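Work through the following exercises with the sequence and the structure side by side, and try each task before you read its solution.

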Amino acid sequence: MDSEKSMTHEESLQIISDMIRSTQRNIKSASFHFLLWGWVVILGNLGHFYLQEFTNYPYPYAIWLLTIPAWLASMIYGYRQPKIERVKMYSDSLIMWIWLGFLFSILLIIFSGLFGPTIPFIILVLAGLCTFLTGLVLKFKPLIYGGSSFWIFAAISIPVGQEYMTLISALATLVGYLVPGYLIRKSN
């Protein structure tokens with residue numbers, strides 16, 4: 001009876017091979033989010049800096065409203081992914097909760113009334129944590145390094161000051177999101 005329940009060597013290898021291919025597809029689909037948010041955050045930071053330093057527009061932070069369509073695009077993309085023959089793995093759920101935790105944390109910080117120079121610093125620190133953890137879960141070193149780079153840029157921002165925080169954040173996003181995002185896309 002035990003022999004009927006046990007798998008053959010070939011069946012075991014096939015299951016392992018299928019899991020590896022599924023993980024590779026899942027990692028590649030993560031590149032969409034890193035590339036989308038990388039470009040949105042860079043454009044937001046550069047736009048904020050430009051409006052703040054070179055115009056008289058009283059609300060330079062209004063540029064960040066461009067995150068609303070990005071959130072919608074991100075949610076639609078994530079919703080449609082399971083329909084494209086994708087095996088849902090534990091790591092997918094864990095990564096989703098990491099980034100939802102990031103979203104809730106950022107929204108709490110922004111809507112708490114804690115406006116000022118600390119918000120971009122906190123966002124860099126939290127983005128570093130989430131990117132670092134995502135890299136660990138996916139076992140993808142460029143994301144681990146990208147997450148670490150957010151922390152380095154956050155540390156650099158302390159003595160530099162608020163005036164150039166949006167430029168530091170744009171550079172951190174380039175290194176922390178876009179470089180790993182393009183490497184993920186290229187890797188498969």
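Helices are DSSP runs of H or I with at least four residues, and they are numbered from the N terminus. Please keep in mind throughout that the model is predicted.

**Exercise 1.** Determine how many helices and strands the protein has.

*Solution.* Counting the elements gives seven helices and zero strands, and reading along the sequence gives the pattern α-α-α-α-α-α-α. Turning to the residues, 36% of the 188 in the protein count as buried.

**Exercise 2.** Check whether the length of helix α5 agrees with the span expected at 1.5 Å a residue.

*Solution.* Begin with the extent of the helix, which covers residues 118-138 and therefore has 21 residues. The expected span is 1.5 Å times one less than the number of residues, so helix α5 should span 30 Å. Finally, compare this with the model, where the end C-alpha atoms are 30 Å apart, in agreement with the expectation. Just after α5, K139 takes a positive phi of about 55°.

**Exercise 3.** Find which helix gives the most to the nonpolar patch, and decide whether I156 is buried, partly exposed or exposed.

*Solution.* First list the members of this surface patch, which are L46, I152, I156, V160, Y164 and L167, with about 490 Å² of accessible area together. Helix α6, residues 141-160, gives the most, with three residues. I156 is found in this helix. Buried means under 20% relative accessible area and exposed means over 50%, so I156, at 39%, counts as partly exposed.

Notes: Residues numbered from 1 in each chain as written. Predicted model: local features only at pLDDT ≥ 70, side-chain atom pairs only at ≥ 80, totals over all residues. Heavy atoms only, no water. Helix = DSSP H or I, 4+ residues; strand = E, 2+ residues; numbered from the N terminus. Buried < 20%, exposed > 50% of the residue type's maximum accessible area, 1.4 Å probe, protein only. Patch = residues over 30% accessible without salt bridge, like charges linked within 9 Å, V, L, I, M, F, W, Y side chains within 5 Å. Areas by Shrake-Rupley, 256 points an atom, 1.4 Å probe, with all protein chains shown as cover. Salt bridge = Lys/Arg side-chain N within 4 Å of Asp/Glu carboxyl O.
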